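Q: Hi! I've got this chain open on my screen and would love to talk it through with you. Could you have a look?

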Amino acid sequence: MKTFGDKLHAAMRDRGALCAGIDPHPSLLAAWGLGDDVAGLERFAGTCVEAWGSRLAVLKPQSAFFERMGSGGIAVLERLIADARSAGALVLLDAKRGDLGSTMKGYADAYLEQSSPLAVDAITVNPYLGFESLRPMLDAAAENAAGVFVVALTSNPEGAQFQHAATAHGTVAGEVLAAVRAENEGAVPLGSVGAVVGANLARLDEDVDVNGPLLAPGYGVQGGTADTMRRLFGSTYPNVLASMSRGLLTSGPSVKGLREAAARSLAALNVDPSQSWR
């Protein structure tokens with residue numbers, strides 16, 4: 001059975017290193033001429049999958065915008081996941097779950113156990129109850145050939161309070177990255193445990209080479225560019241999965257507009273659409 005690292009490495013090679021965020025924010029639903037309701041949510045999600053499911057490496061629905069509509073929204077999320085995976089995209093659920101013991105196991109069963117209707121290829125998690133609190137999710141990922149992306153370095157001002165706090169060995173973020181690196185030890189070509197590191201950070205003081213993928217939100221509207229990411233990530237740039245949401249979604253609601261926006265973003269990342277979008 002191929003690991004998530006194997007699958008992501010192949011997807012980034014074949015389809016490019018762009019992750020399309022699917023964030024049906026109320027203002028975007030309105031901009032697309034859709035109602036802020038389940039029907040609008042379903043149309044939005046379906047259009048994104050039609051535009052990108054057979055073309056991009058990873059689609060990343062933001063769970064909060066589906067959860068806020070209750071059971072109807074969760075049903076839309078289930079269909080989005082199933083349809084995107086059927087189209088060949090990997091699905092990364094942006095949920096940033098973080099809890100303890102049996103509760104974390106419950107989240108792992110919901111999102112990574114492949115018999116679950118919400119099963120995805122990977123999920124974002126929050127390590128700030130202690131890295132070992134993630135163990136049920138890490139174990140479930142290994143058992144199901146799935147992936148986990150651990151929040152490490154974000155660009156929001158509030159993040160520094162915890163992420164840059166000093167420890168005996170450096171910073172909290174540095175210790176999180178070291179723990180991710182340990183999980184991926186010996187993995188070839190890419191580990192299945194990734195780290196979330198902002199694309200629009202001014203600089204990196206920690207070692208972000210974790211022998212796994214780096215999810216880089218903030219590409220586009222939030223200020224991250226392909227050039228700044230090359231400088232920021234240096235030798236680890238080939239493992240960076242650039243994440244863009246609003247910069248793509250504002251080109252909707254037409255499928256053509258969404259595809260063209262993605263093609264421009266891929267080109268900036270040094271991806272030839274004629275090669276990756278066959």
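Q: Which residue stands opposite valine 58 in S3?
A: Happy to help! Valine 58 stands opposite leucine 90 in S3. Strands here, like S3, are DSSP runs of E with at least two residues, and helices are runs of H or I with at least four, numbered from the N terminus. One caution early on: this is a predicted model, where local features need pLDDT of at least 70, side-chain atom pairs count only at pLDDT 80 or more, and totals for chains, interfaces and linings use all residues. Residues are numbered from 1 along each chain as its sequence is written, and side-chain values use heavy atoms, with hydrogens and water left out.

Q: How many bridges join S2 to S3?
A: There are 2 bridges between strand S2 (residues 58-61) and S3, and the two run parallel. Strands pair if DSSP finds at least two bridges between them.

Q: And what about S3 and S4, how many bridges there?
A: S3 is joined to strand S4 (residues 122-125) by 3 bridges, again in a parallel arrangement. Arginine 97 stands opposite valine 125 in S4. Between S3 and S4 the chain passes through helix H6 (residues 101-111), giving a right-handed β-α-β crossover. Right-handed means that, with the strands pointing away from the viewer, the path from the first strand over the helix to the second runs clockwise.

Q: Is S3 mostly covered or uncovered?
A: Mostly covered: 7 of the 8 residues in S3 (residues 90-97) are buried. Buried means under 20% relative accessible area, exposed over 50%, and partly exposed in between, with a 1.4 Å probe and protein chains only.

Q: Switching topic, how many disulfides are there?
A: The count comes to 0, taking a disulfide as a pair of cysteine sulfur atoms within 2.5 Å. Cysteine 19 is in no disulfide, and the nearest cysteine sulfur, that of cysteine 48, is 12 Å away.

Q: Are those two cysteines buried or exposed?
A: Cysteine 19 is buried, at a relative accessible area of 0%. Cysteine 48 counts as buried too, with 0% relative accessibility.

Q: Which other residues are buried in H3?
A: Besides Cys48, the buried residues of H3 include Gly40, Leu41, Phe44 and Trp52.

Q: And zooming out, how many helices and strands does the chain have?
A: The chain comes to 13 helices and 10 strands. Buried residues make up 52% of its 278 residues. The C-alpha atoms fill a box of roughly 55 × 40 × 40 Å along the principal axes.
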